[in-house]
Amino acid sequence: MASLDEEGNDATAKKVKELYYDILNSKGTKRTYAESDNEEDEKKHVKKLNKRRAKELRKQQKKLEEQDRRFAAGEDNSDDDVPFFMQDASIRAAQRERALEKAMAERAAMKAAKGA
């Protein structure tokens, strides 16, 4: 069996020491990011993010335009404008009541149309 000094001087030990100090000095690790190597991937990623952002903005704009149109028409639909997770039982009950009233009005209209 060889002594520690002899083992420390062979080629494998020297390579291990070199790699150890490279790791300590952050050479060749994830922190050394090559801009030119990843530039194309970054452009694709940015394009994808911009596309998703634009889609979400269009959806939001469409929703706002719909709210403005309803407001201009005088329709009170403010309960639907509140996100579902923020609605309490009274809002949901009012929505059910409105839906029931609308259904009853439609039935009455159909009966009146049949009778005429």
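This is a short tour of the structure in your viewer, with one selection at each stop. Keep in mind that the model is predicted.

**Stop 1: the whole chain**

Start with everything shown as a cartoon. You should find five helices and zero strands, so running from the N terminus the order of elements reads α-α-α-α-α. Now switch on the surface. Its accessible area comes to about 11000 Å², and 56% of that belongs to carbon and sulfur atoms. How many of the 116 residues count as buried? The share is 5%.

**Stop 2: helix H2**

Select residues 11-24, which make up helix H2. Try the distance tool on the C-alpha atoms at its two ends: they are 20 Å apart. That agrees with expectation, because 14 residues at 1.5 Å a residue should span 20 Å. After H2, click on Ser 26, whose phi is positive, near 60°.

**Stop 3: a pair within H2**

Stay on H2 and show the side chains of Lys 15 and Glu 18. These two form a salt bridge, with their closest N and O atoms 3.9 Å apart. Why can such a pair form? Side chains of opposite charge can pair when their charged atoms come close. Here the two residues are three apart in helix H2, which means that about one helical turn separates them. Glu 18 is partly exposed, at a relative accessible area of 44%, and Lys 15 is partly exposed with a value of 44%.

**Stop 4: a nonpolar patch**

Next, select Tyr 20, Tyr 21 and Leu 24. Together they make a nonpolar patch of about 350 Å² on the surface. Tyr 20 sits in helix H2. Is Tyr 20 buried or partly exposed? Its relative accessibility is 47%, so Tyr 20 counts as partly exposed.

**Stop 5: positive charge**

Move on to helix H3, residues 35-73, where you will find Lys 51. Add Lys 47, Lys 55, Arg 58 and Lys 59 to your selection: with Lys 51, they gather in a surface patch of positive charge. Lys 51 has a relative accessible area of 66%, so it is exposed.

**Stop 6: a pair within H3**

Finally, select Glu 66 and Arg 69. The structure holds two salt bridges, and one of them joins these residues, with the closest N and O atoms 2.5 Å apart. Arg 69 and Glu 66 are three residues apart in helix H3, so about one helical turn lies between them. Arg 69 is partly exposed at 44% relative accessible area, and Glu 66 is partly exposed at 33%.

Notes: Residues are numbered from 1 along each chain as its sequence is written. This is a predicted model: local features need pLDDT of at least 70, side-chain atom pairs count only at pLDDT 80 or more; totals for chains, interfaces and linings use all residues. Side-chain values use heavy atoms; hydrogens and water are left out. Helices (H or I, at least four residues) and strands (E, at least two) are DSSP runs, numbered from the N terminus. The expected span of a helix is 1.5 Å times one less than its number of residues. Buried means under 20% relative accessible area, exposed over 50%, partly exposed in between (1.4 Å probe, protein chains only). Accessible areas come from the Shrake-Rupley method with a 1.4 Å probe; for residues, only the protein chains shown count as cover. Patches are made of residues with over 30% relative accessible area and no salt bridge: like charges are joined within 9 Å, nonpolar side chains (Val, Leu, Ile, Met, Phe, Trp, Tyr) within 5 Å. A salt bridge is a side-chain nitrogen of Lys or Arg within 4 Å of a carboxyl oxygen of Asp or Glu. Lys and Arg count as positive and Asp and Glu as negative; His and the chain ends are not counted. The place of a charge is taken as NZ of Lys, CZ of Arg, CG of Asp or CD of Glu.
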